[in-house]
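Biologist: Before I trust the labels on this one, can we go through them together?
Modeller: Sure, pull it up and ask away.

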Amino acid sequence: MIVKKKTKIEWSEESWNPITGCDKVSAGCKNCYAARISNNLHGYGVKKYRNGFKVTMHPDSLNEPYLWMFPKIIFVNSMSDLFHSDVPEDFIKKVFEVMNDTLYHTYIILTKRPERLLELNEKLNWTFNIVMGVSVENQDVVDRIDDLRKTDAITKFISFEPLLGPLTGLNVEGVDWVVVGGESGPNARPMKKNWALEILEHCTKLGTPYFFKQWGTWGSDGVKRNRWTNGNELNGRVYNEYPKFIVEKHFNF
Ligand code: SF4
């Protein structure tokens, strides 16, 4: 479903970080913004980042969603990976309990560790307000989609960001939402237009909502410049589709 923008919402409108810190696991992590920002905040002496980018639990952040009175689309752990092996199972369950308890919010979780997600799947309460996703940056990690399909998450999505290569034989069956984007930052790697268009074709065939987030540092013409100048148009149009339930819940028409 297409969202005609009435709000400033792009992908989510709030970040909730009951955990910070992570380790790099695949090519998509090379220029991880969370690592860069965590280390900067550590340098500035920000208490939450006292351990830099080492995995750290923040029990005092668990209640934050209760303080947001209006329904929000919340990105869970923008500064970490909820399914990192250093995050205790009990803590993951606590994060889920908060999400289960605040159904008026929508939570977006993204992981590059679907094997642990799958291992814990049956122990977690998948309420309708949880949107579970895996990152797939290139062909090497496309199997993450199979793991995602096996979970009981009601809404599943794939984040092809940063998209670093073509995906041959892609199958988006059983997936409810697809997000595509290029990489930002001084060391960003370019995304080719064809890679994004091929994914769009798969989505169009199945009617899967497609959200083209941004070109990033490299434009559609292959020129390196400011990401805001490069924008978010793909072949002359903006794709900002969301799963139907998010549109009905969070956008007023
Ligand atoms: S999994 Fe995510 S948070 Fe962790 S290092 Fe990779 S990009 Fe950064």
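**Buried residues and charged pairs**

Modeller: Let's start with Glu137, which is buried, at a relative accessible area of 1%. Bear in mind that this is a predicted model, where local features need pLDDT of at least 70, side-chain atom pairs count only at pLDDT 80 or more, and totals for chains, interfaces and linings use all residues. Residues are numbered from 1 along each chain as its sequence is written, and side-chain values use heavy atoms, with hydrogens and water left out.

Biologist: Why is Glu137 called buried?
Modeller: Buried means under 20% relative accessible area, exposed over 50%, and partly exposed in between (1.4 Å probe, protein chains only). Glu137 has 1%, so buried it is.

Biologist: What makes Arg144 and Glu137 a salt bridge?
Modeller: The term needs a side-chain nitrogen of Lys or Arg within 4 Å of a carboxyl oxygen of Asp or Glu. Here the closest N and O atoms are 3.2 Å apart, so the pair qualifies. Arg144 is buried too, at 8%.

Biologist: And what makes Asp221 partly exposed?
Modeller: Its value is 48%, which falls between the two cut-offs, so that's the label. Its salt-bridge partner Arg225, 2.6 Å away N to O, is partly exposed as well, at 31%.

Biologist: How do you know that Asn77 is in contact with Trp16?
Modeller: Contact means heavy atoms within 4.5 Å. Leaving aside neighbours within four places in sequence, Asn77 has such contacts with Trp16, Asn17, Pro18, Ile19 and Leu82. Asn77 also counts as buried, at 2%.
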